[in-house]
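Visitor: I'd like a close look at one part of this protein rather than a tour of everything. Could you pick a spot where helices pack together, and then walk me through the sheet that comes with that stretch of the chain?

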Amino acid sequence: MLRRKLTVQFMIGITLTLLLMLGSNLVLLWRQQQHDLQLEMHSKAKVMTQELIATRLFIARNQDRINRDPKSGHVEFKGLNPAAVGRGVGSIFNEITGYELKQTRFEVRRPENQPDAFDREALTQFLQNPNLTEYYRRVDDGGDEATFRYAVPLKAEKECLVCHGQPAGEIDIAGYPKEGLKEGDLAGAISVKVPMAESIARIQRNTMVQLWVVVGVTVASLLVIYLLSRGLVIIPLGRLAKVARSIGRGNLEVAPTDLELLKRSEELGVVADSMDSMARSLHELYTSLEEKVADRTRELAQANKVQAQFLATVSHELRTPLTSIIAFTELLIKRSDGQNREYLEDVLESSRRLLSMVNDLLDLSRLEAGRVQLFHDLLDLPELIIQVERSVRPLADRKLISLQLELPGDLPPVLIDPLRIKQVLLNLLSNAIKFTPEGGSVTVFVAMTGEAVEVVVQDSGPGVSPDQRKLIFEAFRRLEAPGNQHPGSGLGLALARNLVELHGGQIWVDDAPGGGSQFHFTLPARLAVEEEEESADGDD
């Protein structure tokens, strides 16, 4: 997941919150305006119908006065019955206002009063529910203009029965057949059609204004919030992060100016003081730790120096008497026979082994002290391996071990110290023969691997477990294996590792195919090439 800056996250959150709040408010306001428009249309239509009903009622109640001649008392229909007056008032009202106000019923006497779809719907509702006093809804005709439709029922009253009552079919005073209504029957309805286009346009204009207000408030709020958060939060936190990164890189001395801005705020001031205190504590701890490490390093160096001097002194002091013992033992062997000769031969073998151990210990102490100097010579490595093979073959023959060499004939000469590499080969081959059971095999391979010559000593012995492969190259470490009865000091492989690394190579061990071990070490071949080039340049 990608990390965003705190400023971006904060501004996104604030923006979404503002848009949600203001957008919700805008939607609620729009819905409220729609509701208010409905109430307004309803109120207007209701007033108009009530006025028309009142007019009709007035005309109906005064028919006698309208149609009777006050002088002669003769009654003559003047054409001003409630229906005629309602129709005339509706016509004039429609011309003045643009609204549509009419009287209607299922079976009309005049074509202009013919009911439309809404009128029939309202009349049906009034018939089905005699207690219904009004019926209204918004009507969208599919065009651009919506209308509010409103209707109220007209009930047959006593005054209406003169023209619309019993008996049905009788011609009334206006010349139309009566409908046979009874008092309280549904005589028709007054329908009002109010255009809503202007009101809807007004709501749309108001909504757009409110929308721009929302956008303006949002932008202004975000700008103010951004400036405040940047000055009060983002910049101080950035300064705090800078100080934390500086401490993480090891710079534990925090300048007072780096935390001055943070300390102006009470909350961030606590964090700044804690950061400052932590930096001082870490600085003191780090300084103290460096001093302790330096003291321990000096102590270890001194201890290593004393150990190396002690080992060198002891080894040197042991070599002289051991050499004398070996010489005198060899002399006595020549003059002895029988059991005394066997004893002397055991003494000679033990003395030689002890002298070898002393020599290894002396070499190792010199290597660790850095007092061993290599005497490089350009020579043929296979020839050196053959010399070592000749010296260890009696050991192999004694255990009936097959000792084989696989040496390519195209290896370049290598620049090495022959005495030291011979010492490495003797250690590896002696160990291989020592740990290989009777009738086993030991093979030496040599090959070029990149810019190095690799030597492999392979045996058919018990092998080396993965957890011991690094440990056996340390001083005084011996192979830990069940039934391991082979004597040794644990110095040979440590000495071999130091000598190989001193030549710029590497040494390691892994499993041999089919069982056993493979000890590998490499010697840089490029040194030989460089030496040859330098020699050629010198001859020129």
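Guide: Start where helix 10 passes helix 11: the crossing is right-handed, meaning that the near helix is turned clockwise from the far one by less than a right angle (anticlockwise would make it left-handed). Helices here are DSSP runs of H or I with at least four residues, strands are E runs of at least two, and both are numbered from the N terminus. Bear in mind that this is a predicted model, where local features need pLDDT of at least 70 and side-chain atom pairs count only at pLDDT 80 or more, while totals for chains, interfaces and linings use all residues. Residues are numbered from 1 along each chain as its sequence is written, and side-chain values use heavy atoms, with hydrogens and water left out.

Two packed helices are described by the angle between their axes and the distance between those axes. For helix 10 (residues 381–398) and helix 11, the axes come within 10 Å and cross at roughly 40°. Axes are lines fitted to C-alpha atoms, for helices over the stretch in contact, and angles run from 0 to 180 degrees between N-to-C directions. On the helix 10 side, the contact (heavy atoms within 4.5 Å) includes Leu-381, Leu-384, Ile-385, Val-388 and Leu-395. Helix 11 brings, among others, Pro-418, Ile-421, Leu-425, Leu-429 and Ile-433. Sorted by class, that contact has 13 nonpolar, three polar and one charged residues. In this scheme Ala, Val, Leu, Ile, Met, Phe, Trp, Tyr, Cys and Pro are nonpolar, Asp, Glu, Lys and Arg are charged, and the others, Gly among them, are polar.

Now stay with helix 11 (residues 418–435). Its 18 residues should span 26 Å at 1.5 Å a residue, and the end C-alpha atoms are indeed 26 Å apart, so the two agree; the expected span is 1.5 Å times one less than the number of residues. Its buried residues include Arg-420, Gln-423 and Asn-427 as well as Val-424 and Leu-428. Buried means under 20% relative accessible area, exposed over 50%, and partly exposed in between, with a 1.4 Å probe and protein chains only.

Those five residues turn up again in the contact with helix 12: Arg-420, Gln-423, Val-424, Asn-427, Leu-428 and Asn-431 meet Gly-492, Leu-493, Leu-495, Ala-496, Leu-499 and Val-500. By class, you get seven nonpolar, four polar and one charged residues there. The axes of helix 11 and helix 12 come within 9 Å and cross at roughly 145°, in a left-handed crossing. Helix 12 (residues 492–502) has eight of its eleven residues buried, so the rest of the structure largely encloses it. Ala-494 and Asn-498 are among those buried residues. Just past the end of helix 12, Gly-504 takes a positive phi of about 90°.

On to the sheet. It is open, with five strands in the order 6-8-9-11-10 and mixed pairing; two strands pair if DSSP finds at least two bridges between them. Strand 6 (402–406) and strand 10 (507–511) sit at the edges with a single partner each, so one side of each has no neighbour in the sheet. Neighbouring strands are turned by 20° against each other on average, direction ignored.

Let's cross it strand by strand. Strand 6 runs parallel to strand 8 (residues 441–449), joined by five bridges, with Leu-403 opposite Val-442. Strand 8 then pairs antiparallel with strand 9 over eight bridges, and Ala-447 has Glu-454 as its bridge partner. Their hairpin has two residues between the strands, and Gly-450 takes a positive phi near 70° there.

Strand 9 (residues 452–459) deserves a pause, with eight of its eight residues buried. Ala-452, Glu-454, Val-456 and Gln-458 lie on one covered face, and Val-453, Val-455, Val-457 and Asp-459 on the other. Strand 9 also pairs antiparallel with strand 11 over eight bridges, where Ala-452 stands opposite Pro-524.

Finally, strand 11 (residues 517–524) meets strand 10, antiparallel over five bridges. Asp-510 has Gln-518 as its bridge partner. Five residues separate the strands in this hairpin, and Gly-514 takes a positive phi near 85°.
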